[in-house]
Amino acid sequence: KSIALLKEKDDRNIVALSPANVKALAVNYTVMIESGAGLKAGFTDDEYAHHGGHIIENKEKLLANADILISYAAEIPVNSFTEANMVIGCYHVLDGLDDFSFYKKKLEFYSLDLLPRTTLAQSMDVLSSLASLAGYQAVIEGLNKVKKVAPMIAGAGGTLQPMHVLVLGVGVAGLQAIATAKRMGAVVSAFDVRKQTQLEVESLGAKFIEIEGAKEDQESGGYAIEQGEDFNQMVQDTIAKNCEHIDVIITTARIPGRKAPILINEAALKALKKDSIIIDLAASTGGNVIQQDISKHYALVSNSELFDQLAYSSSLLLGNNICNFLKHWEKQADKDEKDDILKGALVAKGGQIVHPRLIQN
Ligand code: NAD
């Protein structure tokens with residue numbers, strides 16, 4: 001069988017397999033690499049070739065000769081002459097972010113953003129790998145933009161006060177953001193609708209902002225659910241009151257398949273200090289910040305793919321996750337029929353969308 005590693009869209013830096021992944025896969029597969037696929041992540045064609053990859057210049061040729069197409073979310077034109085019978089990627093299909101109409105080619109299409117968040121699937125969990133790096137990079141980006149130091153520094157010229165960071169949404173990205181900001185010496189506070197996150201926030205040495213009355217659903221697979229209007233208003237009001245002294249706000253609150261909740265309203269924007277920064281990691285699903293054209297004494301960075309700025313590190317994790325998924329797929333005799341992991345990630349088969357959450361939507 002043959003694998004093709006595809007080049008991503010022009011605005012992405014990551015690549016879905018590292019040279020080390022290619023070396024491991026080359027034991028059982030012919031691995032073809034679209035020329036230049038890894039360049040922006042720091043991997044040259046020569047490195048891939050050295051690790052057993054075959055560099056292919058012509059995309060049509062690549063698509064026509066591979067059984068399995070691998071990428072993060074590369075464009076695969078529906079009219080391409082692909083003979084592939086499987087696509088593995090991370091197309092954020094519930095959010096409709098990337099076009100995946102190639103499923104009509106009657107191939108099996110697995111999108112790893114749909115994987116169940118179970119212990120068994122942990123080694124394949126692309127969302128966690130990339131969210132963690134995005135959370136880290138959000139702090140670096142914020143700290144770079146604020147004209148202040150993060151820790152308290154006492155010196156010959158006096159004492160500099162520590163920076164204040166607020167993290168909204170304490171999933172994988174939020175937790176990494178808190179840990180990173182704490183490591184840098186900032187004073188950190190955080191909020192999430194899932195009550196269990198309070199302990200995680202406090203164990204990292206940050207302050208949890210308590211707001212009673214959130215709805216939770218044990219059946220939601222660990223994810224948050226949409227809240228009522230009254231509760232949302234209370235959250236926005238409380239956050240607005242807690243904004244005045246904040247230098248960097250990192251928002252990560254998302255509800256899978258839904259628009260992101262607004263957490264920063266107009267009052268909060270007005271309350272912000274001059275020169276403060278908001279990094280909105282929920283931007284791809286609408287963002288956590290109200291779209292208001294008020295005079296901007298703060299800066300807003302809306303970017304859900306900050307992990308892409310760390311393309312080398314992101315690609316190493318992404319590649320390992322994809323290889324682990326492929327290994328799991330190889331081991332399953334019934335393929336998608338009975339296995340929770342394969343069934344969970346299978347978007348389409350035989351030209352039909354089969355994933356229940358996509359059919360519902
Ligand atoms: P996510 O990206 O879907 O959302 C980020 C955070 O936003 C979540 O913590 C969510 O509770 C929060 N949020 C949603 N609405 C909010 C609101 N109105 N106000 C404040 N916060 C709000 O989440 P994620 O990072 O993908 O993690 C989701 C869950 O999956 C977590 O419980 C995480 O621990 C769990 N998880 C489990 C595994 C595993 O077991 N293998 C792996 C990864 C994540």
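**Group meeting talk: two sheets, a ligand shell and some odd loops**

Okay, let's start with a pair of strands: β4, residues 68-70, runs parallel to β5, and 3 bridges join the two. If you want a spot to click on, Leu69 stands opposite Val87 in β5. And that same spot takes us onward, since Val87 also stands opposite Phe109 in β6. β5 and β6 run parallel too, joined by 4 bridges.

Before I go on, please remember that this is a predicted model. The protein chain averages a pLDDT of 93, and 98% of the residues score at least 70. For the complex, the predictor gives an ipTM of 0.96 and a pTM of 0.95.

Right, back to the strands. Which sheet do β4, β5 and β6 belong to? They sit in an open sheet of 8 strands, and the order is β3-β2-β1-β4-β5-β6-β15-β16, with mixed pairing. At the edges you find β3 (54-56) and β16 (352-353), and each has a single partner strand, so one side of each has no neighbour in the sheet. Elsewhere in that order, β1 (residues 2-5) and β2 (residues 30-34) run parallel, with 4 bridges between them. One pair to look up there is Ala4, whose bridge partner in β2 is Met32.

Now for the other sheet I'd like to show you. This one is open as well, with 6 strands in the order β11-β10-β9-β12-β13-β14, and its pairing is parallel. What stands at its edges? Those places go to β11 (207-208) and β14 (299-302); each has a single partner strand, so one side of each is left free of a sheet neighbour.

Let's walk through a couple of pairs. β9 and β10 run parallel and are joined by 5 bridges. His164 has Val187 as its bridge partner in β10. Then β12 and β13, also parallel, are joined by 4 bridges, and there Thr251 stands opposite Asp280 in β13.

Stay on β13 for a second and look at the side chains. Ile277 and Ile279 point one way from the strand, while Ile278 and Asp280 point the other way. Are they buried or exposed? All of them are buried.

Next up, helix α5. It has 13 residues, and at 1.5 Å a residue they should span 18 Å; the end C-alpha atoms are 19 Å apart, so that agrees. Plenty of α5 is buried, including Val172, Leu175, Gln176, Ile178 and Thr180. And what do those buried residues pack against? The partners are α4, β9 (164-168), β10 (187-191), α6 (197-203) and β12 (248-251). Just after α5 comes Gly185, with a positive phi near 100 degrees.

That helix also matters for my next topic, the ligand. How many residues surround the ligand? There are 31, and the closest are Gly169, Gly171, Gly222, Ala224 and Ala253. The elements giving two or more residues to this shell are α4 (126-145) and our friend α5 (172-184). Sorted by class, the shell has 16 nonpolar, 10 polar and 5 charged residues.

Last part: some residues in loops. Here's a bit of background. Most residues other than glycine have a negative phi. So keep that in mind for the next two.

First up is Lys106, in the loop between β5 (86-89) and β6 (108-111). Lys106 isn't a glycine, yet its phi is positive, near 65 degrees. Is Lys106 buried or exposed? There are 12 other C-beta atoms within 10 Å, and 12 or fewer counts as exposed, so Lys106 is exposed.

Then there's Asp275, in the loop between α8 (266-271) and β13 (277-280). Asp275 has a positive phi too, near 70 degrees, and again the residue is something other than glycine. Asp275 counts as partly exposed, because it has 13 C-beta neighbours inside 10 Å.

One more loop residue and I'll stop. Where is Glu210? Look in the loop between β11 and α7 (229-241). Glu210 is exposed, with 9 other C-beta atoms within 10 Å. Glu210 and Val235 are 25 residues apart in sequence, and their C-alpha atoms are 9.6 Å apart in space.

Okay, that's my tour. Thanks for listening!

Definitions and conventions
Residues numbered from 1 in each chain as written. Predicted model: local features only at pLDDT ≥ 70, side-chain atom pairs only at ≥ 80, totals over all residues. Near = placed C-beta within 6 Å. Nonpolar A, V, L, I, M, F, W, Y, C, P; charged D, E, K, R; others polar. Expected span 1.5 Å × (residues − 1). Buried ≥ 20, exposed ≤ 12 C-beta atoms within 10 Å, placed from the backbone. Contact = placed C-beta atoms within 7 Å. pLDDT = per-residue confidence, 0-100. Pairing = 2+ DSSP bridges.
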